[in-house]
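The following exercises concern one molecular structure. Please examine the sequence and the model before reading each worked solution.

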Amino acid sequence: MTDLPSRRLLLVHAHPDDESINNGATMARYAAEGAHVTLVTCTLGERGEVIPPALAHLTGAALGAHRLRELTAAMAELGVTDFRRLGGDGRYADSGMMGIPDNDDPACFWQADVDEAAGHLLKVIQEVRPQVLVTYDPHGGYGHPDHIQAHRVATRAVELADEAGCAPAKVYWNRVPRTVGEAAFARLREALPGLSFAEAGVLEDVPGVVDDERVTTEIDGGDTHAAAKAAAMAAHATQIEVDGDWFALSNKLAQPVFRTEYYELVRGERAGARETDLFAGIDAEEAS
Ligand SMILES: [Zn+2]
C-alpha cells in the first residue's frame with residue numbers, strides 16, 4: 001500500500017458507539033498524527049435501547065440507519081474517514097443482550113459463521129495492512145454476544161492473515177486497570193450531586209477491567225483528544241448521555257469517560273514496561 005500513511009491502525013468493534021467509548025481518544029490522537037485509522041463495526045446496533053424519548057420510535061432497520069448517521073458524526077469528531085461495517089451495511093444484525101430470543105436469529109452476528117465473518121475482515125486487513133489491531137478480550141469486555149463474537153472474528157482474521165503473510169505485528173485488547181477504575185468511581189461519587197445523573201454505576205459495569213499488571217500500554221488523549229472523544233460519544237445520542245467527564249448508557253448509571261485509554265498487548269513484541277504508543281517498536285517503513 002504505497003498510498004496509505006506508514007502507520008496503520010485497525011479497530012474491530014461490535015456496535016456503533018463502542019469505538020468512541022473504548023478508543024475515542026486513541027483514534028483521535030492517531031488520526032491527528034497522520035496515521036491511517038480504520039474502524040470495522042460488525043453490526044449497526046439495531047437492538048440497542050434508545051435513550052431520548054423523542055427517538056424512542058426508532059427500532060430495527062430504522063434504528064440501524066440512524067445509528068449509522070450517529071457513527072458518521074462521531075467519526076467526524078475523531079477525524080476518522082475510513083469506517084466500515086463488516087461484510088457491508090446490515091450484513092450482520094445486532095444480537096441483543098445475552099440470553100434473549102434475538103440471540104437465535106440466524107441473521108444475527110452471534111449466529112454468524114466465524115470463518116466467513118473473519119474472511120470479510122481479512123479482506124480489510126489485506127487492503128489496509130494495519131500494523132496494529134485493537135479489539136476486545138475473549139469475554140467481549142463484559143459478555144455481550146456481539147462483543148464476544150467480534151473478539152472471535154478478529155482473532156480468526158489475524159490467524160488467516162498470518163497464513164496470508166499480512167498479519168498485524170501487534171494485537172491489543174481494550175483494558176481498564178482496576179486501580180484507575182476504582183479511583184475514577186471514587187471521584188464520580190463525589191461529583192454526583194452536581195451532575196445530571198441520579199446514580200453512579202459500579203466498576204463491574206466497565207468492560208475490560210483487569211489487575212493493573214496486565215495492562216501493557218496507555219494512550220493519554222490529553223485535553224484535545226479527550227474533548228474529541230467526549231464529542232464523539234455525545235454524537236451517539238440514542239445510546240449515550242455525556243455530562244463533562246462522565247457518561248451514562250440507557251441504564252442511566254453514571255460512569256467515567258476515561259481520557260487515558262488502556263490496552264493489553266496479546267500479540268507482538270512489548271516495547272518497554274508501560275508502552276505509551278501502540279506502534280512502539282514497529283518500524284513503520286519496514287512494515288509497509
Ligand atoms: Zn456494543
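**Exercise 1. Backbone and burial in two loops**

At 6% relative accessibility, aspartate 17 counts as buried, where buried means under 20% relative accessible area, exposed over 50% and partly exposed in between (1.4 Å probe, protein chains only). The model is predicted: local features need pLDDT of at least 70, side-chain atom pairs count only at pLDDT 80 or more, and totals for chains, interfaces and linings use all residues. Residues are numbered from 1 along each chain as its sequence is written, and side-chain values use heavy atoms, with hydrogens and water left out.

Task: state where aspartate 17 lies, and give its phi; then do likewise for arginine 129.

Solution.
- Step 1. Aspartate 17 belongs to the loop between E1 and H1; helices (H or I, at least four residues) and strands (E, at least two) are DSSP runs, numbered from the N terminus.
- Step 2. The phi of aspartate 17 is near 115°, which is positive although the residue is not glycine.
- Step 3. Arginine 129 is placed in the loop between helix H3 (114-128) and E4. Its phi is near 50°, again a positive value in a residue other than glycine.
- Step 4. With 35% relative accessibility, arginine 129 counts as partly exposed.

**Exercise 2. The zinc site**

Task: identify which residues coordinate the zinc ion, and explain why the arrangement is irregular.

Solution.
- Step 1. The ligands are His15 (ND1), Asp18 (OD), Asp18 (OD) and His147 (NE2), at 2.0 to 2.5 Å from the zinc ion. Donors are N, O and S atoms within 2.8 Å of the metal (3.2 Å for Na, K and Ca); water is not among the atoms, so sites may look incomplete.
- Step 2. The 4 donor atoms subtend angles of 54 to 144° around the zinc ion, and the arrangement is therefore irregular. Four donors count as tetrahedral if all angles lie between 85 and 135 degrees; four count as square planar and six as octahedral if opposite donors are over 155 degrees apart and all others between 65 and 115; anything else is irregular.
- Step 3. Along the sequence, the spacing of the donor residues is H-x2-D-x128-H. Aspartate 18 lies in helix H1 (residues 18-32) and histidine 147 in helix H4 (residues 145-164), so the pair ties together parts that are 129 residues apart in sequence.
- Step 4. Aspartate 18 is buried, at a relative accessible area of 7%, and histidine 147 is buried as well, at 2%.

**Exercise 3. The nonpolar cores**

Task: determine which residues touch the most other members of the largest nonpolar core, and which element gives the largest share.

Solution.
- Step 1. A nonpolar core is a set of buried Ala, Val, Leu, Ile, Met, Phe, Trp, Tyr and Cys residues joined through side-chain atoms within 4.5 Å. The largest has 29 residues, of which Leu9, Met75 and Leu278 touch the most other members.
- Step 2. Elements that give two or more residues to this core include strand E1 (8-13), strand E2 (36-41) and helix H2 (60-78). The largest share, 5 residues, comes from H2.
- Step 3. Neighbours within four places in sequence aside, methionine 75 is in contact (heavy atoms within 4.5 Å) with Glu19, Ser20, Met27, Leu39, Val80 and Phe83.
- Step 4. Another core, apart from this one, has 27 residues, among them Leu122, Ile125, Tyr136 and Ala154.

**Exercise 4. Strand E5 and its partners**

Task: establish how many residues of E5 are buried, and describe the pairing of E5 with E4, E12 and E7.

Solution.
- Step 1. Strand E5 (residues 170-177) has 8 of its 8 residues buried. In a regular strand the side chains alternate between the two faces of the sheet. One side of E5 carries Lys170, Tyr172, Asn174 and Val176, the other Val171, Trp173, Arg175 and Pro177, and all are buried.
- Step 2. Two strands pair if DSSP finds at least two bridges between them. E4 and E5 are parallel, with 4 bridges; threonine 135 stands opposite tryptophan 173 in E5.
- Step 3. E5 and E12 are antiparallel, with 5 bridges, and tyrosine 172 stands opposite leucine 265 in E12.
- Step 4. E5 and strand E7 (residues 209-210) run parallel, joined by 2 bridges; valine 176 has valine 209 as its bridge partner in E7.
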